[in-house]
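Reader: I'd like a close look at one part of this protein, please. Take me through it slowly, then show me what lies around it.

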Amino acid sequence: MAQRAEPGQSGQSGRRGAGQAGADPDGPPGAPYASRRTVLGTALAAVTLATAGAVTGCAPSAGGGSTADQDRSPFTGGGEKGDHVLAVKIDNVGPARPQTGLDQADLVYTEEVEAGLSRILAVFASRVPATLGPVRSARESDLELLRQFGRPALAFSGVQSKLMPTLEAASLRLIPPGKLPEGYERDPARPAPHNLYLRARTAMDAAKDAAAPRDIGFRFGPAPEGGRRVGEHTVRYPAARFTFNWSAGRRRWLVSMDGAPAHTRGDGRLAPATVVIQYVTARASRFRDSAGSVTPYTETVGQGRALVLRDGKEYRARWSRPAADAGTTFTDSDGNRLPFARGQVWTALVPKD
């Protein structure tokens, strides 16, 4: 496949108001558990319960769950849950790198967009950095992906005018620059349209009615049996690629984009605990960009195969999402839930062969 590597830019600089730079070309105009036997039996039962809770996940199931599980994040399995869900559409071409705040996302989704390039949808709840970006435009398939979160807030630079009615009718708390001008700023040191940043805490304050974090199907716990030892995995789009290298020292997957180590501004290497390669159907949507390239529609409702990378191993899995308002489950060959490592989760939505 053709690859296009674009040089990134680094350096911190001052920013000015969002309205003081050029508009987004693909946005609107102007514009993530007595007796020894009893003691032994009690201890074994406690261990069994604790292990089951760790693997079962964070959110309570229909059969109940421990208080500790309910208090954990359903997105990362961590101790901090957060109050509201904020999704942000983030640019991912060379001039947009290094991004800001991406390391603090609970979840990161990568997807193919026009001309075979990639874009990122980041979901925040447990941690919200001061600044996020660069922010870019939303796509039709984002609406389907985000339905599993209930009614989250969505920050984006704009959309095509024909898509706006569909976006406004969706179960989303929309916060583009036109609705929250004080929530955005431009970085004069970067070229437009790769210089629009979200004041994320301002956005969160304005979206108090956005959905709270809830179970979206993920489960967290100790690594399962089996798996294949791997040190590296690369995901390829027609004009972009992501490589994940296992770091035993950090117990994380170090991210590279288009062959270059991926960092955030001032915060070091991007390094999720779990990487999911989810093979999906990607078809042409009814939209095109300003250059005439067809916008892909990534289908995230349905089922298919997946790979789960954790603890230096690769596990074959199946994913299933029966409806748009349902979560996505990942199971092994026996139909058991496949637990993720606790921490940030990256999901690469990759068109299936």
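How many nonpolar, polar and charged residues line the second largest cavity?

Author: Happy to! This is a predicted model, where local features need pLDDT of at least 70, side-chain atom pairs count only at pLDDT 80 or more, and totals for chains, interfaces and linings use all residues. Residues are numbered from 1 along each chain as its sequence is written, and side-chain values use heavy atoms, with hydrogens and water left out.

The lining of the second largest cavity (a set of points on a 1 Å grid over the protein atoms alone where a 1.4 Å probe fits but cannot get out; lining residues have an atom within 4 Å of a point) is made up of 4 nonpolar, 5 polar and 1 charged residues. Here Asp, Glu, Lys and Arg are charged, Ala, Val, Leu, Ile, Met, Phe, Trp, Tyr, Cys and Pro are nonpolar, and the others are polar. If you want to find this spot, look for Tyr109, Leu145, Gln148, Phe218 and Gln278, together with Thr300, Arg321, Thr328, Phe330 and Thr347. The space comes to about 70 Å³ (the volume filled by probe spheres set on the points).

Now for the largest cavity, which holds about 90 Å³. Its lining counts 11 residues, and Ala138, Arg139, Gln160, Leu163 and Thr295 sit nearest the centre. Sorted by class, you get 4 nonpolar, 3 polar and 4 charged residues there.

Let's zoom out to the whole chain. It has 5 helices and 22 strands (DSSP runs of H or I with at least four residues, and of E with at least two), and 54% of its 353 residues count as buried (under 20% relative accessible area; exposed is over 50%, partly exposed in between).

Strand β2, residues 86-90, is a good one to pick out: 5 of its 5 residues are buried, so the rest of the structure largely encloses it. Leu86, Val88 and Ile90 are buried on one side, and Ala87 and Lys89 are buried on the other. β2 runs antiparallel to β4 (residues 118-124), joined by 5 bridges (at least two make a pair), and Ile90 stands opposite Ile120 there. With β6 (residues 153-155), β2 pairs in the parallel sense over 3 bridges; Leu86 has Ala153 as its bridge partner in β6.

Lys89 brings us to charges. Its salt bridge (a side-chain nitrogen of Lys or Arg within 4 Å of a carboxyl oxygen of Asp or Glu) is with Asp142, and the closest N and O atoms are 2.7 Å apart. That pair links distant parts of the chain, since Asp142 belongs to helix α3 (residues 140-146), 53 residues from Lys89 in β2. Both Asp142 and Lys89 are buried. Add Glu111, and Lys89, Glu111 and Asp142 form a linked network of salt bridges.

Arg136 and Asp91 also meet in a salt bridge, 3.2 Å from N to O. They are 45 residues apart: Arg136 is in the loop between β5 (131-132) and α3, Asp91 in the loop between β2 and β3 (107-112). Arg136 is buried and so is Asp91.

Another pair is Asp209 with Arg173, with 3.0 Å between the closest N and O atoms. Asp209 lies in the loop between α5 (200-206) and β10 (228-229) and Arg173 in strand β7 (residues 173-174), so the salt bridge ties together parts 36 residues apart in sequence. Here Asp209 is partly exposed at 44% relative accessible area, and Arg173 is partly exposed at 21%. In total, the count comes to 15 salt bridges.

Technical notes. 1 Å grid on protein atoms, 1.4 Å probe; cavity = no way out; pocket = protein on both sides within 12 Å on 5 of 7 lines; lining within 4 Å. Buried < 20%, exposed > 50% of the residue type's maximum accessible area, 1.4 Å probe, protein only.
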